[in-house]
Amino acid sequence: MQKILVANRGEIALRVMRTAHRMGISTVAVYSEADRDAPHVRAADQAFCIGPPPSAESYLLGDRIIEVALDTGAEAIHPGYGFLSENAGFARAVAEAGLIFIGPGPDAIHTMGDKLAAKRAVQAYDIPLVPGTDEPVTDLQQIREIAAGIGYPVLIKAAAGGGGKGMRVVDREGELEGQIQRAMSEAKSAFGDGSVFIEKYVTAPRHIEIQVMADTHGNILHLFERECSIQRRHQKVVEEAPSSVLTPELRDRMGRAAVDVARACNYVGAGTVEFLLDADHHFYFLEMNTRLQVEHPVTELITGLDLVELQIRVARGEELTLKQEALKINGHALELRVYAEDPLQDFMPSVGRLELYRPPAGEGIRVDDGFAEGMQVPIFYDPMLSKLIVHGEDRPAAIRRMREAIAGYQVAGVATTLPFGDFVCRHPAFTSGSFTTHFVRDHYSPEELENDLEREASVAARVALHAYLNHLDKLSINKGTDEG
Ligand code: MV4
């Protein structure tokens with residue numbers, strides 16, 4: 001494999017190119033008109049404009065991207081995350097064009113893209129599922145019986161949904177009918193498919209996911225877990241590895257379950273198996289993400305592995321030589337997603353120009369970004385500026401390092417989630433490790449953050465004033481000596 005086309009933009013395009021170049025592989029970038037001067041365009045050996053700014057007219061044009069790959073002689077396409085990464089039709093078209101899709105086969109993508117098909121696919125294995133249905137339900141009387149059988153509260157989910165869209169909690173039978181109707185019409189308008197299914201609602205879960213890596217020779221490894229419970233409205237904000245709640249025994253059981261999920265769909269490449277962990281530390285398989293995830297760096301820092309390198313090796317047909325028993329967790333890693341959003345204004349996107357942009361650097365600090373000072377934050381794409389990733393010998397050390405790195409991260413021109421990250425890192429619910437997916441809802445208020453920021457600003461103002469007065473003092477002393 002001499003040349004890879006990277007069908008993505010921003011930090012992940014740069015991240016993929018970094019490893020490709022290190023492996024002696026050249027890269028082709030594709031870009032939209034909004035990204036003419038973007039870092040991923042400059043980092044690539046070749047770059048081609050594929051259309052106007054909206055994704056639907058550029059980064060989502062699979063056929064156009066395949067054409068560029070064929071024209072430039074690229075042998076493989078790396079889809080990154082988002083965009084075409086979990087599009088089974090695209091993966092199939094890439095293969096049919098005689099190119100290598102760096103990811104799983106179209107059938108695995110297709111099965112796991114359908115939450116109910118995913119549940120059915122793993123049935124032959126001993127994988128715990130949340131009690132519920134694995135077929136769409138439409139008949140109200142039938143739904144009532146199922147819900148009564150499961151026991152309230154239940155959760156209605158859209159069969160075609162994902163990312164929490166169209167989910168509804170039902171606390172008692174009296175609310176069932178109305179909620180079902182709302183869920184169905186929401187699913188119909190959001191996904192064009194009104195089918196829903198029902199599960200027992202796990203009230204205060206933690207979101208734990210297992211990284212897997214599979215080759216084309218039947219070897220499947222798990223690279224331990226990531227804890228992703230700190231999220232708001234299904235958008236992850238802080239991720240870490242390892243989780244502070246897994247025992248080695250539970251980690252081993254969840255890891256083996258994840259490997260079985262991958263086996264159930266003939267998985268190849270890097271994938272993530274999502275679980276819910278309830279208050280009693282029972283885990284349940286939710287879904288599998290058939291791509292490299294945003295938060296993969298925390299796994300890289302605790303395993304010492306380069307996941308993109310492994311993806312490329314597996315795509316070339318190489319056998320994974322690593323052995324599960326030889327893998328070890330080294331220290332603790334945290335990731336903060338730095339979004340151009342204002343945590344004081346309900347996380348409203350903050351558009352503008354990066355007047356100042358100086359990411360921190362140092363031992364145990366990694367910043368994956370796709371921006372440079374002076375750039376305009378485009379409104380067409382995800383507002384994530386960067387991922388701030390830190391590594392320490394244990395969890396408290398990683399948290400300390402994160403707070404130092406946040407303090408050293410200089411951004412002006414747009415509001416960011418950096419202060420929110422600091423809020424999380426010093427909150428007792430986070431530092432103690434006892435939090436759930438409801439952390440933000442239960443513990444975050446903009447007022448508290450505002451108070452913190454005001455306190456910091458007032459300290460900064462006093463320090464500056466003190467320095468200024470000192471400076472004036474020295475000036476007048478010097479003046480005095482001059483005249484004397
Ligand atoms: C659940 C659940 C509780 N019980 N399923 C959210 C997105 C989708 N991946 C599944 N999700 C959930 N499914 C049952 N039966 C709670 C969530 C959930 C959640 C899961 C992971 C991370 C954050 C979450 C935030 C709210 C709800």
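What follows is a friendly conversation about the strands, helices and one pocket of a predicted model.

Student: Let's start with the parallel sheet. Which strands are at the edges of the sheet ordered S3-S2-S1-S4-S5?

Tutor: Five strands make up this open sheet, and their pairing is parallel. An edge strand here pairs on one side only. That description fits strand S3 (46-51) and strand S5 (100-101).

Student: Which residue of S5 is the bridge partner of Ile77?

Tutor: Strand S4 (residues 76-78) runs parallel to S5, and two bridges join them. In S5, the partner of Ile77 is Phe101.

Student: What angle does helix H3 make with S3?

Tutor: Helix H3 (residues 62-72) packs on this sheet, where it touches strand S1 (3-6), strand S2 (26-32), S3 and S4. Comparing the direction of H3 with that of S3 gives about 150 degrees.

Student: Now the sheet with the order S7-S6-S8. How much does it twist, on average, from one strand to the next?

Tutor: This open sheet has three strands with antiparallel pairing. Its edges are strand S7 (168-170) and strand S8 (196-200), each pairing on one side only. From one strand to the next, the twist averages 30 degrees.

Student: Which residue of S7 stands opposite Val154?

Tutor: Strand S6 (residues 154-158) pairs with S7 in the antiparallel sense, over three bridges. Opposite Val154, in S7, stands Val170.

Student: Which strands does helix H7 touch, and at what angle does helix H8 run to S7?

Tutor: Helix H7 (residues 140-150) packs on the sheet and touches S6 and S8, its direction making about 20 degrees with that of S8. Helix H8 (residues 176-191) lies across S6, S7 and S8. The angle between H8 and S7 is about 170 degrees.

Student: Why is strand S11 described as largely enclosed by the rest of the structure?

Tutor: Strand S11 covers residues 235-241, and a residue is called buried when its relative accessible area is under 20%. S11 is largely enclosed because the buried residues number six of the seven.

Student: Which residue in the turn between S10 and S11 has a positive phi?

Tutor: Strand S10 (residues 220-232) pairs with S11 in the antiparallel sense over four bridges, and Gln231 has Lys236 as its bridge partner. The two strands form a hairpin with two residues between them. In that turn, the residue with a positive phi, about 45 degrees, is Arg233.

Student: Which residue of S14 stands opposite Val238?

Tutor: S11 also runs antiparallel to strand S14 (residues 332-339), joined by four bridges. Across from Val238, in S14, is Leu336.

Student: Which residue caps the N-terminal end of helix H11?

Tutor: Helix H11 (residues 307-315) is mostly covered, with eight of its nine residues buried, including Leu307, Ile312 and Ala315. At its N-terminal end, a side-chain oxygen lies 3.0 Å from the backbone nitrogen of Val308. That oxygen belongs to the capping residue, Asp306.

Student: Last one: which helix gives the most to the lining of the second largest pocket?

Tutor: This pocket holds about 380 Å³ of space and is lined by 17 residues, with Ile406, Leu418, Pro419, Leu453 and Glu456 nearest its centre. Helix H12 (395-407), helix H13 (418-426) and helix H16 (446-483) each supply at least two lining residues. With four residues, the helix that gives the most is H13.

Methods:
Residues numbered from 1 in each chain as written. Predicted model: local features only at pLDDT ≥ 70, side-chain atom pairs only at ≥ 80, totals over all residues. Heavy atoms only, no water. Buried < 20%, exposed > 50% of the residue type's maximum accessible area, 1.4 Å probe, protein only. Pairing = 2+ DSSP bridges. Polar contact = N/O pair within 3.5 Å; in protein donor to acceptor, adjacent residues only side chain to side chain. Axes fitted to C-alpha atoms, helices over the stretch in contact; angles between N-to-C directions. Contact = heavy atoms within 4.5 Å. 1 Å grid on protein atoms, 1.4 Å probe; cavity = no way out; pocket = protein on both sides within 12 Å on 5 of 7 lines; lining within 4 Å. Points joined across faces, edges and corners; volume = space filled by probe spheres on them.
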